[in-house]
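Subject: Handover of a structure and the findings on it

Dear colleague,

Please find the structure below, followed by an account of what was found in it. I would ask you to keep it open while you read.

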Amino acid sequence: MEFAKKRVSAQIGKRNKLIFYTLMMALPIIQFIIFWIFVNINSILLAFRTWDFDRGDYVWNGLKTFGNVVNLFKEAPFMLSAIKNSVIVYLIGLVLGTPLSLIFSFYLYKKKILSGLFKTILFLPHILSALIMVLLYKYMVDRAIPAVHEMITGSAMKGLIANTDTRLYAILFYNVWTGFGTSTMMYLGAMSGISDSVVEAAELDGITPLQELWYITIPLIWPTFTTFVVVGFVGLFTGQMNLYNFYGDDAPYALYTFGYYLYKAAKEAAPLPQNYPDIAALGLCFTAIAAPCTLLLRKMLDKFGPKTV
Amino acid sequence: MKKKTIAFILSALFALSAASVTACGPAGTNNSKIDVQIDEDKSQLYVANLQGGIGYAWLDKVIKRFEEAYKDEVFEEGKKGVQIIPEREYTVNGSYLLLPTDDWEVYFNEAVTYNTYVMKGELLDVSDVVKAPAKTGPNTKESKTIESKLSPNMQAGLTAYNGNYYAIPHYEAYRGVSYDVDVFKDYKLFFAADKDNGNDGFIIDDDDVPSVGPNGIPGDYDDGLPATLEEFKKLCNRMVLVGVTPFIWPGAHAGYTEYIVDAIECSIGGADEASVYYNYNSYDKPVSVVTGFDGDAPQITRQTIDNSTGYLTKQLAGRYYGYDMLDTIVKNIDSYAYSLSNNNSTHSQIAAQEDYIRSDLIGKPIGMIIDGNYWWNEAAPAYQRSLTLGEGAADRHFAWMPMPTAVGEADRAAGAKEPVLFNAMRSFCFVNANIANKPAKVKLAKEFISFCYSDESLQEFTTTTGVAKGLKYELTSAQEKDLNYYAKSCWEMRKKATVVSTLPQNRMIIENEALIGYLHKSNFDHQSYNTAFEGFLAKYSAAKYFMGQWIDAAKWSSDYGKYINN
Amino acid sequence: MRKVRVSHNKNKLHVFYVAIFVILFLYVISIALPILFGLTTALKTQEEFLDNVIGLPYGAPWKWQWRNFITITEQFWVQITIIGKGRFHVTFWPMLINTLEYAVGSALIQALVPCLVGYLTSKFDYKFSKFVYAMVIVLMVVPIVGSAPSEMAILRRLNLFDTMIGNYIQKFNFLGMFYLVFYAVFKGVSNDILEAAYVDGASELRVMVQIAVPMVKNVLGTVVLLKFIDFWNDYQTPMLYMPSYATLARGLFALSHRSQGGAATVPGQMAGCMLLALPILILFIIFKDKLMGNISMGGVKE
């Protein structure tokens, strides 16, 4: 009898759960259907259509447009360097940006000296917006640094962005330099959710800060951490390396990333109905490659990450 | 506590936004002062004017005259007169308009992708307006049609898609070089008629007879200016020698350096050749094509280009000579250009204009600026600021600089050679097709644009802005006298020049507009370059950069075969 | 827990922090220099800026161009023309109200919606949840461009164009990075606590609102703040979808594009940017500890 009651209530619980779930999900999903699917379905379907000049409208074209995607790549000799740049900016973010963000947020989490100031400063680039940060940075590297160099050595020097040999590094530096805000704050948010008792127990064992970070903190924020790794990986395909903020629509081809190329290609095609299908097809091909890779990475991170502390 | 705060903020926001809905329509201006109130007794017309250096003073003037002239006119039942409401600083440029859902009715915009909107049926057919005389009032009109004020090229370009007019040219602007006349005078940088005067061909005294200049005619606006590229390079060297920096352009926008390439291409190649870039077809007129290089020297043939040989467009000789000049400038960039012009990311066009205006006043003169002829409008605040820089700051003399019309003495044509100007603005006036089913609106819009193209309105535009509209019309001598020095020099040039428009007439190009984008892009050695400037900085030669643009003949036939008549 | 080696040297504890401190301190300097440049530039005349780009303004501090800030505030207006209503002259205060309405509302929505969906999909083990999660990741790499025309058309058809409520509905989506973050954070929340609440007879809604969400409030607060700043600086979306709602960022955009007036100069622009950033900087300094991180007292922890 006790048992049966439990089962009934479990079933009611299950049904209530489903009702609650459905009710709560309904609005976001409806919004998604209207403002994503409805809005974008046409531009996605354009991959299978072509502009008919005589009719002044699109007509179905089957898979023919996808043949043009190969041409798009053939006509873009800069694509190799674009892919190279995308990989470089991704790797630098991964090996330099991510660890620094982690130790910065650990420092803030531990509320060590001047944490309040550091928190504000780390976040300042975000507050000022990319537009003004880029402007300030340009003046720093193209005006201030050459002026200081001239003052010290007496010889003239080209600015770091002005100089075509150094501009890539100057922009890479900018990306790391201003990129701490979001991830540091999010890690910090996750870290401050860690139970005090775990940490206190460890501290009683005389754990060093590095050990605490490695053995306790990172495993406990692992889901958040891997989310940022995945987001970073998405950036490999879509990241613009702030090129738009530095150059607007006129970034030199040698600096292109894959994401910037896509942005430019789409922006140029936007006013030309006859060119749009090619870009839509390119977008679909690109998704067909990038999406499985990202999902795979996600799976692997879940599989090989620490399960518990 | 925090939850309460959030709940409070949320409910407050929703109350606010709900209030805005019940108040019928947008509430973003609820607490703001109203400048222009809708006059319910009049018919309204909404006009969007792109923000920019041309400003809106001209629009305010024409609106005032129109409203006055039509004050007793009835467009809608129960209403009398017209109220035109301008968006003076419309922010969306003509390539990205969302016309079907936009509320504006008449547009003055630039960078307009004209044929695209025509194709999509988003512009109102205004052929009846263009083919009729411009209105000067409800019952008065001019004697000649607006169409007759359009150049044949412009007529062909506007009607190329289906024979109808869907727009009228708005302003016209040219890209190229302007020079500081005072610097040229003070440092004696004009060429003398007597080439062997012992001063390297430059004038010695102010009253020396200057050379005839690029157009070959003595006693006019271009006397003493370099007539050949050889002379142009000589001039640059001379400038360096006498302590004048030859050029300035915005270092943050390498693309500006293309303006000098375009200008040289126009002046050396001529109008027919320059137009080929926008049609890939020379329409039976022979043009100079580079077939290869013998060392540094281009091998040139004269031939016509049609759709089947459209790829030769990328081999036009004028373009090569433009690159050759730019290459010379970049290879000597430390002495030929202002220091910040060398790729400096902080040097905007506004900064370049100000540095140029100040240069002579602070004793570090710069001879020429590479920019569009609208630069003087944009630089108005900089000019105002420069007035504190001592005597002579107010009385400045800048002028449009016609480019050389020949490469060297050998190929200098005998007789006169017309100047050619390159109008790259694609600036138009047009009516939104989404008002097509409102006859009263259509009638009003058409009356208004017709009114804007009367000679009086065209003249008023030029005297207000210093810039020309893209149609044929004259200024009265009094009006011409009132133009500032720079505007006068541009107007003077324009009177004698052929203007190249970038509107294609060739159906092949209309259907493949991407062919006329990025005309300066070049591919070689597994890399692409947006600007020749980039390529030259990387130490590539003009010939290499030029050849990197060439299109393979076989590829051309396979890509555009359907446009080639057998 | 893994075996932890006991540290014998207490001082060693600090070396790690000292190292981070040094790095952070250098970072502070590297950020401070450009900002200092921005501030000092804002205090020069254009003339002076052209002569003296990176130095301090000439003269004693009270002789610097503090007026630039006043000039910018005076010139801070936009003209808004609304079909059927007329042309308005919108000044700083109405713009501030619009900005707050836009930024606060949008930020809350764009934090709460991903939080809600993140909670539901991570804690309700349905197939649909897994589908939503995978879909969000896939959509992150779908390059969508040129959706403005159809988005505009839909907003107009629903009578939501140029309304704040329309904007909120537009913002009511969960796609993107922060959904993944919330999903991850909720995954880290122990099910035992939630189960315990169910056993006590708490409703689903109660469990979500009173137990689950408070457990992630640090992250939630951080996301609200991040989003708020994004929307504060955003001029493009309001300009496109809410043309009659002039925001401060749009005011600055208009100001810097107006060829006449103080903002056409570099010092003027710097002054404008610094002014726009100042309110959020102050907000951030006040709220940084309240909204995010380091609330070790009172917060529900595992």
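Which residue of β2(C) does B:Ile34 stand opposite? The residue is C:Phe88. Please bear in mind throughout that this is a predicted model.

**Where chain B touches chain C**

The pair just named belongs to a pairing of strands from two chains: β1(B) and strand β2 of chain C, residues 86-90, run antiparallel and are joined by four bridges. The contact between the two chains takes 36 residues from chain B and 42 residues from chain C. On the side of chain B that touches chain C, at least two residues each come from α1 (2-22), β1 (33-37), β3 (82-90) and α13 (380-386) of chain B. The element that gives the most to this side is α1(B), with nine residues. Sorted by class, this side of chain B that touches chain C holds 16 nonpolar, 12 polar and eight charged residues.

**The domains of chain B**

The domain assignment divides chain B into domain 1 (43-166 + 427-501), domain 2 (175-250 + 336-422) and domain 3 (258-326 + 515-563). Each of these domains is thus written as two stretches of the chain. Taken over C-alpha atoms, the centres of domain 2 and domain 3 of chain B are separated by 27 Å. Between these two domains, 19 residues of domain 2 of chain B are in contact with 14 residues of domain 3 of chain B. The side of domain 2 of chain B that touches domain 3 of chain B receives at least two residues from each of β9, α7 (229-242), β13 and β15 (420-423) of chain B. That side is made up of 14 nonpolar, three polar and two charged residues.

**A sheet in chain B**

Two of the strands just mentioned, β9 and β13, also belong to an open sheet of four strands in chain B, in the order β10-β13-β9-β14. The pairing in this sheet is mixed. At its edges are β10 (245-248) and β14 (398-401) of chain B, each of which pairs on one side only. On average, neighbouring strands of the sheet are turned by 30 degrees against each other, direction ignored.

One pairing may be followed residue by residue. Strand β9 of chain B, residues 175-180, pairs with β14(B) in the antiparallel sense over four bridges. Which residue in β14(B) is the bridge partner of B:Val177? The partner is B:Met401.

Two helices pack on this sheet. Helix α8 of chain B, residues 258-276, touches β9 and β13 (366-372) of chain B, and the direction of α8 makes about 100 degrees with that of β9(B). Helix α11 of chain B, residues 349-361, touches β9, β10 and β13 of chain B. The direction of α11 makes about 155 degrees with that of β13(B).

**A hairpin in chain B**

Strands β5(B) and β6(B) are joined by a hairpin through two residues. Strand β5 of chain B, residues 133-137, pairs with β6(B) in the antiparallel sense over three bridges. Within this pairing, B:Lys135 has B:Lys141 in β6(B) as its bridge partner. How many of the six residues of β6(B) are buried? The count is zero, and this strand, residues 140-145, is hardly covered.

**A buried proline in chain C**

In chain C, helix α14 (residues 266-291) contains C:Pro267. Why is C:Pro267 called buried? The residue counts as buried because 25 other C-beta atoms lie within 10 Å, where 20 or more are required. Leaving aside neighbours within four places in sequence, C:Pro267 is in contact with several residues, among them C:Thr41, C:Ala42, C:Phe49 and C:Asn68. C:Glu47 is 220 residues away from C:Pro267 along the chain, yet their C-alpha atoms are separated by 9.8 Å.

**The two domains of chain A**

For chain A, the assignment gives domain 1 (1-62) and domain 2 (68-304). Their C-alpha centres lie 32 Å apart. Seven residues from domain 1 of chain A and seven residues from domain 2 of chain A take part in the contact. On the side of domain 1 of chain A that touches domain 2 of chain A, the elements giving two or more residues are α1 (2-45) and β1 (49-52) of chain A. Of these, β1(A) gives the most, with three residues. By class, this side of domain 1 of chain A has four nonpolar, two polar and one charged residues.

Yours sincerely,
A colleague

Note on methods:
Residues are numbered from 1 along each chain as its sequence is written. Chains are lettered from A and ligands numbered from 1 in the order in which they are written. This is a predicted model: local features need pLDDT of at least 70, side-chain atom pairs count only at pLDDT 80 or more; totals for chains, interfaces and linings use all residues. Two strands pair if DSSP finds at least two bridges between them. Axes are lines fitted to C-alpha atoms, for helices over the stretch in contact, and angles run from 0 to 180 degrees between N-to-C directions. A residue is buried if 20 or more other C-beta atoms lie within 10 Å of its own, exposed if 12 or fewer, and partly exposed in between; C-beta atoms are placed from the backbone. Domain bounds come from an automatic or database domain assignment. Ala, Val, Leu, Ile, Met, Phe, Trp, Tyr, Cys and Pro count as nonpolar, Asp, Glu, Lys and Arg as charged, and the others, Gly among them, as polar.
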